[in-house]
Amino acid sequence: PPRGHPLRFAPPSEDWPEREAPQLVHPPYFNAQAVPYPLAEAAYWYEFSEFVSYPAVQHFSSIPELIIELAAADLYQIHSDMRKFRAELWRTTRSVYAAAASEIVASLGATMLAAER
């Protein structure tokens, strides 16, 4: 990325041991609209995402293994487990965002009351 770009590596201080950007196999940003799709980059960073640890995610190391696993997979059960997990995750996330929004509104209200005095 160009100098000053928010994703450009910058050491936090002058005495940081490694002043240069870390050498990455693939940069952490890529154009997902590119043709051809940057499959190697997406696959590399997927391993670091939270999605890889979701329940019911099926793992395979090759196309033949995928086909073998797919033939034996209970797709309805996998789908059901994923939907159930996603619904629970959304309930948790929604309550966290609701609590944060309530705190912001309360803080803004207190600030506006103080300003009116």
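In which helix does Leu-39 lie? Select Leu-39 in your viewer and you will find this residue in helix 1, which covers residues 39-46. Please keep in mind throughout the tour that the model on your screen is a predicted one.

**The whole chain**

Before following Leu-39 further, display the protein chain as a cartoon, where you should find 3 helices and 0 strands, arranged along the sequence in the pattern α-α-α. If you then switch to a surface view, the protein chain exposes about 10200 Å², of which carbon and sulfur atoms supply 63%. Buried residues account for 6% of the 117 residues in the chain. Among contacts between residues at least 6 apart in sequence, 21% join residues that are at least 24 apart.

**Before helix 1 and at its start**

Go next to the segment before helix 1, where Pro-36 is found, and look at the peptide bond that runs from Val-35 to Pro-36, which is cis, with omega near 0 degrees. Now add Phe-30 and Tyr-37 to a selection with Leu-39, and colour the surface of these three residues, since together they make a nonpolar surface patch of about 310 Å². Leu-39 itself counts as exposed because its relative accessible area is 59%, which is over the 50% that the term requires.

**The aromatic rings**

Staying with the side chains, select Tyr-44, Trp-45 and Phe-48, which ring pairs link into a cluster. A search of the whole structure finds 5 aromatic pairs, and one of them is formed by Trp-45 and Phe-48, with 5.4 Å from centre to centre and 50 degrees between the planes, a geometry described as tilted. How exposed are the two partners of this pair? Trp-45 counts as partly exposed, because its relative accessibility is 25%, whereas Phe-48, at 57% relative accessibility, counts as exposed.

**The loop and helix 2**

Moving on along the chain, centre the view on Ala-56, which is found in the loop between helix 1 and helix 2. The point to check here is the backbone, for the phi angle of Ala-56 is near 75 degrees, a positive value in a residue other than glycine.

From there, select Ser-62 together with Glu-65 and show their atoms as sticks: Ser-62 caps the N-terminal end of helix 2, with a side-chain oxygen that lies 3.2 Å from the backbone nitrogen of Glu-65. Helix 2 itself spans residues 63-72 and is hardly covered, the count of buried residues among its 10 residues being 0.

**Helix 3 and its salt bridge**

The last stop is helix 3, residues 75-116, in which you should select Glu-88 and Arg-91. Side chains of opposite charge can pair when their charged atoms come close. Arg-91 forms a salt bridge with Glu-88, and the closest N and O atoms are 2.8 Å apart; the count of salt bridges comes to 1. How many residues apart are Arg-91 and Glu-88 in the helix? They are 3 residues apart, about one turn of helix 3. An α-helix has 3.6 residues a turn, so residues three or four places apart point the same way.

With the surface switched on again, compare the cover of the two partners: Arg-91 is partly exposed because its relative accessible area is 42%, and Glu-88, at 39% relative accessibility, also counts as partly exposed.

Methods. Residues numbered from 1 in each chain as written. Predicted model: local features only at pLDDT ≥ 70, side-chain atom pairs only at ≥ 80, totals over all residues. Heavy atoms only, no water. Phe/Tyr/Trp six-rings, centres within 6.5 Å; stacked < 30°, edge-to-face > 60°. Buried < 20%, exposed > 50% of the residue type's maximum accessible area, 1.4 Å probe, protein only. Patch = residues over 30% accessible without salt bridge, like charges linked within 9 Å, V, L, I, M, F, W, Y side chains within 5 Å. Areas by Shrake-Rupley, 256 points an atom, 1.4 Å probe, with all protein chains shown as cover. Salt bridge = Lys/Arg side-chain N within 4 Å of Asp/Glu carboxyl O. Helix = DSSP H or I, 4+ residues; strand = E, 2+ residues; numbered from the N terminus. Polar contact = N/O pair within 3.5 Å; in protein donor to acceptor, adjacent residues only side chain to side chain. Contact = heavy atoms within 4.5 Å.
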